[in-house]
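Reader: I'm new to reading protein models. Could we go through this one together, a question at a time?

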Amino acid sequence: MHSKKIRTALAGLLIISMAVWADDVSSWEQWSGLTVKKGTAILTLPGEASFTYPDGERGGYRFGLSFQHDGSANWRDYYGIRFEMLLPTDAVLEATATMENAPYKLNKGSTDVTDVFTADFGLQGQGWHTVTLPFESFNMPAARPFALETIKTFSLNAAFADGSTGKIKLRNLQLVKGDILALESPVRSASAQGGGQVVYAVEDRTPRVYPWMNEPGGVMVPSYGSTNS
């Protein structure tokens with residue numbers, strides 16, 4: 001009996017360990033609708049590119065009071081998504097970013113429900129632009145932040161406002177934990193005597209971009225450091 005329970009527990013740990021990594025979305029090679037050359041993605045306009053986390057073995061399931069899905073990623077701890085986009089001319093670009101979470105059931109036995117959240121943005125001016133899309137800019141109800149815990153698909157749809165065709169380039173896409181500065185502490189509820197002080201170790205999770213990252217094959221990576229506060 002005990003060995004059976006142990007095997008069941010280990011199986012549960014294995015399923016959890018096999019969950020997808022949120023940062024997989026940064027790999028252009030795993031997107032559809034793009035041509036990738038030396039780390040830079042090319043999108044033909046008008047057009048759409050999308051990324052979908054691969055399906056897991058278990059699908060959707062309850063974990064305590066929350067809904068989990070091993071074919072999705074948890075974006076809730078992030079501020080938003082950032083990427084760079086190269087416009088070939090001064091034509092106005094109109095674009096929509098879309099997040100779609102994994103299907104779930106409102107009630108036992110009901111049909112699958114999928115939530116879709118969008119954010120529109122525009123660009124103008126030849127050259128590279130940095131686009132930061134906070135998740136609060138998507139049309140997601142403020143009362144439903146848990147929807148970010150099971151993101152399945154992220155897509156970009158873009159076109160020139162004048163109806164012309166062309167190609168744009170994309171690079172350095174990543175999830176970010178802050179716009180300008182991202183600080184994170186592994187412990188958020190330390191205790192102390194009344195009138196005492198609590199010291200937290202704070203890690204700097206702000207992404208850093210160095211010149212070599214914009215060379216062919218370069219990527220944006222997070223810089224890790226710590227300080228006490």
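Reader: Is Asn172 buried or exposed?

Author: First, a bit of background: this is a predicted model, where local features need pLDDT of at least 70, side-chain atom pairs count only at pLDDT 80 or more, and totals for chains, interfaces and linings use all residues. Residues are numbered from 1 along each chain as its sequence is written, and side-chain values use heavy atoms, with hydrogens and water left out. Now the cut-offs: buried means under 20% relative accessible area, exposed over 50%, and partly exposed in between (1.4 Å probe, protein chains only). Asn172 has a relative accessible area of 6%, so the label is buried.

Reader: Where does Asn172 sit?

Author: Helices (H or I, at least four residues) and strands (E, at least two) are DSSP runs, numbered from the N terminus. Eight of the 11 residues of one such strand, β14, are buried, so β14 is largely enclosed by the rest of the structure. The place of Asn172 is in that strand, β14.

Reader: What is phi of Asn172 near?

Author: Here's a rule of thumb: most residues other than glycine have a negative phi, and most peptide bonds are trans. Asn172 is a residue other than glycine with a positive phi. The value is near 55°.

Reader: Which residue has a phi near 50°?

Author: Look in the loop between β2 (35-37) and β3. The residue there has a relative accessible area of 67%, so Lys38 is exposed. Its phi is positive, although it isn't glycine: the residue is Lys38.

Reader: And what is omega at the cis peptide bond between Leu45 and Pro46?

Author: Pro46 is found in the loop between β3 (40-45) and β4. The bond that joins Leu45 to Pro46 is cis, with omega at about -10°.

Reader: Which side chain shares a polar contact of 2.4 Å with Asn172?

Author: A polar contact is a pair of N or O atoms within 3.5 Å; within protein, one must be able to donate a hydrogen and the other to accept it, and residues adjacent in sequence count only if both atoms are side-chain atoms. At 2.4 Å, the side chain of Asn172 has such a contact with that of Glu84.

Reader: Which residue meets Glu84 in a salt bridge?

Author: A salt bridge is a side-chain nitrogen of Lys or Arg within 4 Å of a carboxyl oxygen of Asp or Glu. For Glu84 the pair is 3.2 Å apart, N to O, and the partner is Arg171. Arg171 lies in strand β14 (residues 166-176) and Glu84 in strand β7, so the pair ties together parts that are 87 residues apart in sequence. Both are buried, and Glu84 also has a bridge partner in β14, which is again Arg171.

Reader: How many salt bridges does the structure hold?

Author: Besides Arg171 and Glu84, there is Asp55 with Lys152, whose closest N and O atoms are 2.5 Å apart. Asp55 lies in the loop between β4 (47-52) and β5 (60-63) and Lys152 in strand β13 (residues 151-160), so this pair ties together parts 97 residues apart in sequence. Glu149 and Arg76 also meet, at 2.6 Å, N to O. The total is three.

Reader: Is Asp55 buried or exposed?

Author: Its partner Lys152 has 9% relative accessibility and counts as buried. Asp55, though, has 66% relative accessibility, so Asp55 counts as exposed.

Reader: In what order do the five strands of the open sheet run?

Author: Strands of a sheet pair through backbone hydrogen bonds, either parallel or antiparallel. Two strands count as paired if DSSP finds at least two bridges between them. β3 and β14 pair antiparallel over five bridges, while six bridges join β7 to β14, also antiparallel. The order is β2-β3-β14-β7-β12.

Reader: Which strands stand at the edges?

Author: Each edge strand has a single partner strand, so one side of each is left without a neighbour in the sheet. The strands at the edges are β2 and β12.

Reader: Last one: which residue in β14 is the bridge partner of Ile81?

Author: Over on the β3 side, Ile42 stands opposite Lys169 in β14. For Ile81, the bridge partner in β14 is Leu175.
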